[in-house]
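These are comments on the model, set out as numbered points. They start from a single residue and work outwards to its surroundings and then to the sheets.

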Amino acid sequence: MAAPTRIPLFSADDFIRRLRETVHTNSNNFYSMYSSILGGIVTDPALMVLPLDDHMVHRGHAVFDTATLTHGMLYQLDPHLDRLIKSADGARIALPFSREQLRRIVLATAAASRQHEGSVRYWLSAGPGGYGLGPAECVGSSFYVIVFKQEAYPESYYQQGIKLITSQVPIKPPLFARIKSTNYLPNVLVVLEAKDRGADNGVFIDQRGMVAESSNMNVAFVTKDRVFRHPPFESILSGITIQRVLDFAQRLVQQGVLNAVRIADIPVEEGRDAAEMMLIGSSIKVAPVVEWDGQKIDDGKPGPVTQKLLKMWNEDARSATDQLVAVPYEEGV
């Protein structure tokens with residue numbers, strides 16, 4: 001885009017017109033947004049904006065979470081909302097509303113989208129008020145919600161599997177890893193590093209040489225003696241999806257498919273020697289890893305336990321009444 005020879009000074013009407021003229025094509029995937037600054041919901045993507053002086057923008061002082069919208073229901077909304085509030089407490093961000101009000105806003109924004117499939121992401125920020133470092137200048141914390149088309153991973157991820165590399169990006173310290181904040185630069189760099197090296201994603205290794213997590217997904221294994229293994233959560237994000245998948249894994253123990261579920265440190269070499277490796281998260285669900293740093297995981301094909309867990313997740317997202325919250329489309333906004 002060429003720089004203008006003369007910088008225009010916009011009126012309010014000009015500004016709104018230019019916002020609509022400059023909306024990119026991907027905005028068709030943005031369905032509705034709530035802003036506590038405005039106190040309401042918009043469905044015009046051109047108006048889905050927030051103040052530059054919000055500390056989320058210029059300091060990264062905000063936390064977020066995401067729930068899946070499936071068949072007109074929000075899957076695991078309440079555990080995701082609980083984690084958001086826990087993250088806000090860790091980031092010392094006061095809630096602008098009660099938990100019940102936050103929940104009602106999320107559901108109303110989903111209803112305004114008129115969509116039955118997608119993602120619903122929401123942020124709690126220290127709020128607007130200036131450009132300093134500390135939040136004392138902020139006039140009050142802010143809350144934003146957006147409903148958008150869910151990220152679709154290639155079908156090849158599930159049919160042929162994923163290739164990973166060991167990332168050279170330093171892992172976040174435990175305090176920051178456990179808070180789901182908007183400070184995602186290390187996570188972004190892991191993905192870019194993996195793409196540069198011809199892989200799909202990367203794995204963080206902690207300072208002790210233990211497997212930690214992927215870019216924004218948990219990493220789990222099935223050993224050759226049929227034990228489901230996952231790292232401890234003290235130094236990584238406790239994913240909502242992995243907690244549900246651990247329940248599924250316990251069911252597979254009861255069915256005799258697995259022998260045990262174990263949460264314990266996983267040295268890199270033990271991980272490489274596993275029968276199965278997988279990535280787990282709300283967007284990717286459960287996806288098989290077939291290659292790590294150019295070395296095949298077992299026979300280099302998606303494993304049976306990974307496939308069973310993915311099937312269980314899909315069934316759960318459709319029919320688990322204790323995990324689904326109906327979006328009140330008929331009530332309006």
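1. The model is a predicted one. Leaving aside neighbours within four places in sequence, Asp316 is in contact with Tyr75, Arg244, Phe248, Arg251, Gln323 and Leu324. Asp316 belongs to helix 10. Is Asp316 buried or exposed? Its relative accessible area is 7%, and because the cut-off for buried is under 20%, Asp316 counts as buried.

2. Three of those contacts, Arg244, Phe248 and Arg251, recur in the packing of helix 8 against helix 10. Helix 8 (residues 240-254) and helix 10 (residues 304-319) pack at about 115°, and their axes are 10 Å apart. The crossing of this pair is right-handed. On the side of helix 8 the contact also takes in Thr241, Val245, Ala249 and Leu252. On the side of helix 10, Asp316 is joined by Val305, Lys308, Leu309, Met312 and Trp313. By class, the residues of this contact are eight nonpolar, one polar and four charged.

3. A second helix pair is formed by helix 3 and helix 4, which pack at an angle of about 125° with their axes 11 Å apart. That angle makes helix 3 oblique to helix 4. The crossing of helix 3 and helix 4 is right-handed. Leu77, Asp78, Leu81, Asp82 and Ile85 of helix 3 meet Arg99, Leu102, Arg103, Val106 and Leu107 of helix 4. The contact divides into six nonpolar residues, four charged and no polar.

4. Both of these helices lie across strands. Helix 3 (residues 77-90) lies across strands 3, 4, 5, 6 and 16, running at about 175° to strand 3. Helix 4 (residues 99-113) lies across strands 1, 2, 4, 5, 6 and 16, and its direction is at about 30° to strand 6.

5. Those strands make up an open sheet of seven strands, in the order 2-1-6-5-3-4-16, with antiparallel pairing. Strand 2 (40-42) and strand 16 (324-326) are the edge strands; each has a single partner strand, so one side of each has no neighbour in the sheet. From one strand to the next the twist averages 25°. Within the sheet, strand 1 (residues 30-35) pairs with strand 6 (residues 142-148) in the antiparallel sense over five bridges. Ser32 stands opposite Val147 in strand 6.

6. Which strands pair with strand 14 (residues 285-292)? Strand 7 does so in the parallel sense over three bridges. Strand 13 (residues 276-281) runs antiparallel to strand 14 and is joined to it by five bridges, with Ala287 as the bridge partner of Leu279. Strand 15 (residues 295-296) pairs with strand 14 in the antiparallel sense over two bridges, and here Gln295 is the bridge partner of Trp292. Six of the eight residues of strand 14 are buried.

7. Two hairpins involve strand 14. Three residues join strand 13 to strand 14. Between strand 14 and strand 15 there are two residues, and Asp293 in that turn has a positive phi of about 55°.

8. Leu164 lies in strand 7 (residues 162-166) and has Trp292 of strand 14 as its bridge partner. Leu164 is buried, with a relative accessible area of 1%. Not counting residues up to four places away in sequence, Leu164 touches residues including Ala199, Val203, Met277, Leu279, Val289, Trp292 and Asp293. The C-alpha atoms of Leu164 and Val49 are 35 Å apart, with these positions 115 residues apart along the chain.

Notes. Residues numbered from 1 in each chain as written. Predicted model: local features only at pLDDT ≥ 70, side-chain atom pairs only at ≥ 80, totals over all residues. Heavy atoms only, no water. Pairing = 2+ DSSP bridges. Helix = DSSP H or I, 4+ residues; strand = E, 2+ residues; numbered from the N terminus. Axes fitted to C-alpha atoms, helices over the stretch in contact; angles between N-to-C directions. Contact = heavy atoms within 4.5 Å. Parallel < 35°, antiparallel > 145°, perpendicular 65-115°, else oblique. Left-handed = near helix turned anticlockwise from the far one by under 90°. Nonpolar A, V, L, I, M, F, W, Y, C, P; charged D, E, K, R; others polar. Buried < 20%, exposed > 50% of the residue type's maximum accessible area, 1.4 Å probe, protein only.
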